[in-house]
Amino acid sequence: MTAGHPEATGNPGTAAANQARWLVRGVTVPGDGEHGSRVTDMLLSGGSITAVETGLNHSGARVLDAEGLIALPGLVDLHTHLREPGREDAETVETGTAAAALGGYTAVHAMANTDPVADTAGVVEQVWRLGRTAGHCDVQPVGAVTSGLAGTRLAELGTMADSAARVRVFSDDGRCVSDPLLMRRALEYVKAFDGVIAQHAQDPRLTEGAQLNEGEMSARLGLAGWPAVAEEAIIARDCLLAAHVGSALHICHVSTAGSVEIIRWAKSKGWPVTAEVTPHHLLLTDEFAVGYDPVFKVNPPLRTEADIAELRRALADGTIDCVATDHAPHPVEAKETEWAEAAFGMTGLETALRVVHQAMVDTGLLDWAGVADRMSVRPARIGRLTGQGTPLAVGAPANLTLYDPAAPAEAVVSAGASKSRNTPFAGMELPGRVVATFLRGVPTVLDGKLA
Amino acid sequence: MKRHLISAADLSRADALLILDTAEELASLADRPIKKLPTLRGRTVVNLFYEDSTRTRISFEAAAKRLSADVINFSAKGSSVAKGESLKDTALTLEAMGADAVVIRHGASGAAHRLAGWVRGSVLNAGDGTHEHPTQALLDAFTIRRRLVGGSGKGGLGGWVPPGAGGSGGSSPRASRGAGLDGLRVTIVGDVLHSRVARSNVLLLSTLGAEVTLAAPPTLLPHAVGSWPCAVSYDLDSELPKSDVVMMLRVQQERMTAAYFPSIREYSRRYGLDAARMARLPEHAIVMHPGPMNRGVEIAAEVADSVRSTIVEQVANGVTTRMAVLYLLLGGTEFPATEFPATEFPAVTR
């Protein structure tokens with residue numbers, strides 16, 4: 001499980017390391033339903049997978065003994081807040097992508113709600129370049145739908161699409177594009193360059209001052225309720241709009257059983273709708289708010305057991321296409337406050353795969369091939385990424401994650417590569433361990449540590 | 001009892017009865033010329049008030065002072081809080097000053113809970129946002145018990161004599177000791193959704209055996225109120241004839257413009273307690289209000305000033321009940337089982 005070859009030291013970020021070949025020995029590649037999973041060797045060379053067969057000759061290659069490890073295509077996150085530019089105290093592209101690599105990710109989509117907002121070619125290109133410099137994983141900027149996220153006029157979507165950052169996903173995430181006419185125009189406009197609008201579905205009027213899922217807990221705790229209908233009404237409207245104009249709609253962080261029902265219906269009509277769910281909405285309920293610890297304060301809010309059960313089913317049957325972290329780092333002082341004062345959001349990159357392991361695999365809802373599909377293949381497709389989310393086959397880019405599913409459950413520690421500590425899973429025992437991550441044949445993580 | 005009092009849900013029936021019985025003991029003190037006890041001498045109680053609430057603050061202040069505690073009043077206005085200091089930093093400051101108890105009133109639900117994680121002393125929730133106000137519920141329970149339980153009890157106004165009429169201020173308080181509120185029917189009327197008083201009362205009164213009904217327009221009831229240990233009604237008039245207690249909640253100014261009801265007059269017509277409605281109550285029933293009242297809105301002046309009204313008593317009982325809570329939380333000195341030797345510490349009284 002460790003890099004056993006004596007030459008396996010040195011900085012993998014250097015040009016020399018780039019040229020190094022890696023032999024991943026005895027790794028398990030999950031089956032896809034038709035083919036069972038198989039144990040094989042895998043040779044990574046020149047940024048690609050150059051051989052997948054047993055008994056590969058390792059001469060000249062560094063060897064990684066992967067016995068018992070599962071190989072997944074490098075994970076792709078459609079929903080990451082890297083906070084740079086503007087809130088470098090919470091996260092930077094460097095620290096956020098390091099956290100991503102440790103979580104098994106080889107690509108993340110950086111959300112637009114930075115300061116300044118990523119609503120111009122200049123800002124998205126800056127973020128894109130910062131990602132290239134950091135080198136821990138690919139950073140694909142998401143552009144804002146409206147200027148300054150103000151929800152009043154469209155940002156220069158085409159210019160961002162044409163920029164070096166090649167933006168295809170647009171989102172005002174953190175805020176809802178609530179104006180139906182503006183949403184319609186945005187959906188229509190991005191058709192010209194195969195764009196997709198990722199909607200943060202939250203009716204602003206129904207959630208004024210809202211703090212926690214409207215239900216027993218909010219009533220008991222005296223926290224202003226956040227009704228499920230505030231999410232569902234927007235999703236229903238936007239599905240209808242997407243159908244009407246024939247444009248791609250992606251729904252961010254689906255959190256209610258009712259939302260699932262609407263998406264299932266929209267998909268049954270063949271409408272171009274995709275959806276994501278966060279790890280925390282697959283595992284945590286609003287009952288965690290009982291101690292008023294704002295580490296559990298998130299937008300959309302944690303919901304109920306019934307919602308979790310339906311979200312899991314929907315992810316398993318493909319109604320929800322993928323898992324996206326909504327990694328939302330915040331400095332300590334933004335969470336060490338009264339609940340109502342605290343910022344919304346939780347970190348998630350470093351724990352996502354382990355959470356999915358517990359919520360989906362250990363429950364028998366998804367096999368590892370399914371995990372690869374929901375955490376790599378589909379998000380890459382929705383994000384229009386090339387060279388990510390491709391099957392682990394000869395000729396494919398060598399983006400892969402090696403995961404030890406048998407690692408004994410360990411308590412999550414809040415201190416990681418992320419600059420922020422606001423993980424809701426701190427102290428919770430989660431199974432599994434990300435052992436290594438390769439980005440185009442170069443290890444970004446080895447033996448569970450940054451390479 | 002626990003170290004803090006944050007929610008009425010923290011109180012078992014035994015805890016609640018201990019507080020009420022202790023308050024009953026302390027109430028006898030009010031009849032003495034010297035009202036002060038030495039029990040909390042040398043202890044520091046901080047009143048940390050982030051919201052204006054003169055009546056609650058002075059009630060806690062009087063309670064602490066009658067137990068000889070040192071009282072520090074920390075008002076958010078004109079303090080470092082106004083300059084943006086966080087609750088945690090304020091908590092650490094109070095901690096450094098050696099606060100034995102912090103009484104907190106705060107606009108955010110859960111503020112008392114959070115504070116308890118940052119200080120070593122006891123935390124008393126004096127109202128947190130729209131969450132709870134447990135000492136209000138305790139003083140309400142105390143008031144109900146004094147009026148309706150023990151002595152002649154339910155079935156008449158009993159031996160109660162209006163304040164100033166020369167009575168001892170209670171029907172037969174000693175007789176109610178150890179008793180709960182079993183079987184009493186309490187109707188809480190008004191803005192339950194935003195009311196910390198209602199939340200604490202539903203929890204505490206049901207713990208003590210009362211049958212609580214919430215009467216309010218549907219817009220002012222929590223979405224999940226069905227999970228609460230109480231009944232719900234939209235029709236106040238049908239509840240009145242079977243109520244032993246009617247507790248009117250204050251209608252906050254900001255609700256009047258947020259579409260919870262069409263107009264203040266319509267609210268008053270449907271859910272206000274006027275003389276005609278009061279006449280539908282059983283003869284023994286009492287009318288309560290946590291104050292401050294909107295006369296002419298949720299309660300008519302003639303109701304507020306009637307003999308059924310316990311509003312002034314509630315204020316007096318507030319001090320006594322809060323003394324009991326402070327005493328029990330801070331552990332004081334040995335609590336005399338029967339009488340307080342009022343003459344023993346004359347020097348500390350002022």
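How many residues does the contact take from chain B and from chain A? The contact takes 21 residues from chain B and 17 residues from chain A. These values come from a predicted model.

**The side of chain B that touches chain A**

Three helices of chain B each supply at least two residues of the side that touches chain A: H3 (87-96), H4 (111-116) and H6 (196-207). The largest share of this side comes from H4(B), with 3 residues. By class, the residues of chain B that make up this side are 6 nonpolar, 10 polar and 5 charged.

**Domains of chain B**

The domain assignment splits chain B into domain 1, made of 8-133 + 314-340, and domain 2, covering 134-311. Where the two domains of chain B touch, the contact takes 30 residues from domain 1 and 30 residues from domain 2. On the side of domain 1 of chain B that touches domain 2, at least two residues each are supplied by H1, by strand E4 (122-128) and by helix H11 (311-330). H1(B) gives the most to this side, with 9 residues. The residues on this side of domain 1 of chain B divide into 12 nonpolar, 10 polar and 8 charged.

**Packing of H1(B) on H5(B)**

Helix H1 of chain B spans residues 13-27, and helix H5 of chain B spans residues 134-148. The two helices pack at an angle of about 65°, and their axes are 10 Å apart. Because of that angle, H1(B) counts as roughly perpendicular to H5(B), a class that covers 65 to 115 degrees. The crossing in which H1(B) passes H5(B) is right-handed.

Which residues of H1(B) meet H5(B)? They are Ala16(B), Ile19(B), Leu20(B) and Ala23(B), and their counterparts in H5(B) are Leu138(B), Ala141(B), Phe142(B) and Arg145(B). By class, this helix contact has 7 nonpolar, no polar and 1 charged residues.

**The sheet of chain B**

Chain B also holds an open sheet of 4 strands in the order E2-E1-E3-E4, with parallel pairing. Its edge strands are E2 (70-75) and E4 of chain B, each of which pairs on one side only. On average, neighbouring strands of this sheet are turned by 15° against each other, direction ignored. Strand E1 of chain B, residues 44-49, is joined to E2(B) by 6 bridges, and the two strands run parallel. Leu48(B) stands opposite Phe74(B), which lies in E2(B). Strand E4(B), the other edge of the sheet, is also among the elements on the side of domain 1 of chain B that touches domain 2.

**Domains of chain A**

Chain A is divided into domain 1 (15-71 + 394-450) and domain 2 (74-382). The centres of these two domains, taken over C-alpha atoms, are separated by 26 Å. In the contact of the two, 30 residues of domain 1 of chain A meet 42 residues of domain 2 of chain A. The elements giving two or more residues to the side of domain 1 of chain A that touches domain 2 are strands E16 (400-404), E19 (433-439) and E20 (442-446).

**Residue classes by side**

The table sets out the classes for three contact sides.

| Side | Nonpolar | Polar | Charged |
|---|---|---|---|
| Chain B, touching chain A | 6 residues | 10 residues | 5 residues |
| Domain 1 of chain B, touching domain 2 of chain B | 12 residues | 10 residues | 8 residues |
| Domain 1 of chain A, touching domain 2 of chain A | 15 residues | 12 residues | 3 residues |

Key
Residues are numbered from 1 along each chain as its sequence is written. Chains are lettered from A and ligands numbered from 1 in the order in which they are written. This is a predicted model: local features need pLDDT of at least 70, side-chain atom pairs count only at pLDDT 80 or more; totals for chains, interfaces and linings use all residues. Axes are lines fitted to C-alpha atoms, for helices over the stretch in contact, and angles run from 0 to 180 degrees between N-to-C directions. Angles under 35 degrees count as roughly parallel, over 145 as roughly antiparallel, 65 to 115 as roughly perpendicular and the rest as oblique. A crossing is left-handed if the near helix is turned anticlockwise from the far one by less than a right angle, and right-handed if clockwise. Two residues are in contact if their C-beta atoms, placed from the backbone, lie within 7 Å. Ala, Val, Leu, Ile, Met, Phe, Trp, Tyr, Cys and Pro count as nonpolar, Asp, Glu, Lys and Arg as charged, and the others, Gly among them, as polar. Domain bounds come from an automatic or database domain assignment. Two strands pair if DSSP finds at least two bridges between them.
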